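Colleague: I am new to this structure and should be grateful for a close look at one part of it. Could you please describe the salt bridges?

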Amino acid sequence: MASPSELKLGQKLNEGKTKQIFELADEPGYVLVQSKDQITAGNAARKDQMEGKAAIANRTTSCVFKLLQEAGIKTAFVRQQSEKAFVAAHCEMIPIEWVCRRVATGSFLKRNPGVKEGYRFSPLKMEMFFKDDANNDPQWSEEQLLETKLSLAGLTIGRCEVDIMNRSTVAIFEVLERAWATQNCTLVDMKIEFGVNVSTKEIVLADVIDNDSWRLWPAGDRSQQKDKQVYRDLKEVTPEAMQMVKRNFEWVSESVKRLLEPQASGRVVVLMGSISDTAHCEKIRKACGSYGIPCDLRVTSAHKGPDETVRIKAEYEGDGVPTVFVAVAGRSNGLGPVMSGNTVYPVINCPPITPNWGAQDIWSSLRMPSGLGCSTVLSPEAAAQFAAQIFGLSDHLVWSKLRASMLNTWVSLKQADKKLQACSL
């Protein structure tokens, strides 16, 4: 992996408490984000050197952003460049920290006396803080942000942009919350920042997400916390105490790698009644691929070869891989009902409806004999999505793709509405 020294660095754009940002002379529109071995608390009222922290933080951030990008969340992250640095799209940062909370603790309790630690927010509690070290990052309301009319990289931050950041923060938290749950670890709260990509003018998740960004309680137990709060809580900073803090940071950087691993393997098996249905089935396979789900296509007719249909079913049941069957049969659909009556695996009917007899043929997929539980979905893409939702119950990576897709659909509608209103004025 190339080191930062092998890149041609331009001017230093910014330097904060824990990182430096440099222009990349040979890659216009991109920057190098280089971490530092410094740990701070209370707006740097307390600060110490922690050897190895830069590499730990960079590994953590790179894994988190890879997870979010693979899900479909738009971020500034491009690639991990070296042990201590990563390349990102150049963004003008929006000076707001978005804080998302699942469990009440920390400063929230001080600002909201009477709320007990451990109170669970459902839905998530959202807060925002204006980045101003001199004034200790005051809490802001949406109205304050809107009235400030910030303009960054040519984009004015209005209602549409605030709503996108708010909705995106919730989705990002939920994706990471579900991922950490696979490690029996509670994501208590987290802070993130957004920037405006100077090239695309899009709002994207930017800055870093590392062990300074969240609270993590293994098994939901605060006494086992692994995040920077351990450093904040130190009564005295000693070499032994700093080694303990470092071990916690290392535990997080190692654990976060496992968040990229699927928890369960699964597949979709599409059974088509005729080879003429291949085009319809290929749409299902393509959509399954977008969720990272393998998909097999098979040809079998429950009417003309029921023994072969049952044999194929047994073949896929026999290896223990979780499977969703999708039955693609036109005219009289016997394929879905026969499969549903002979397997405990989920069965989805996705008949290729034709203009001439479609209205009549659909009833063979909808009206089932008692004891059968197959569903019917007409769209090939929707059938794949339904299968993904089934697998998403046990695989956080599939779930995260579904969650990001929901977010991106919402954002597209929000942006389309903004453009339409601008045209109407």
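Modeller: The following account takes up the salt bridges and the places of their partners in the chain. The model is predicted, so local features need pLDDT of at least 70 and side-chain atom pairs count only at pLDDT 80 or more, while totals for chains, interfaces and linings use all residues. Residues are numbered from 1 along each chain as its sequence is written, and side-chain values use heavy atoms, with hydrogens and water left out.

A salt bridge is a side-chain nitrogen of Lys or Arg within 4 Å of a carboxyl oxygen of Asp or Glu. The whole structure holds 28 of them. One joins Asp 163 to Arg 159, with 2.8 Å between the closest N and O atoms. Both residues belong to helix α4 (residues 159–181) and stand 4 residues apart, about one turn of the helix; helices (H or I, at least four residues) and strands (E, at least two) are DSSP runs, numbered from the N terminus. Asp 163 is buried at 16% relative accessibility, whereas Arg 159 is partly exposed at 39%. Here buried means under 20% relative accessible area, exposed over 50%, and partly exposed in between (1.4 Å probe, protein chains only).

Arg 403 pairs with Glu 174, their closest N and O atoms being 2.6 Å apart. Because Arg 403 lies in helix α13 (residues 396–424) and Glu 174 in helix α4, this pair ties together parts 229 residues apart in sequence. Arg 403 is buried, with a relative accessible area of 11%.

Finally, a network of salt bridges links Arg 101, Arg 111, Glu 127, Asp 189 and Arg 215.
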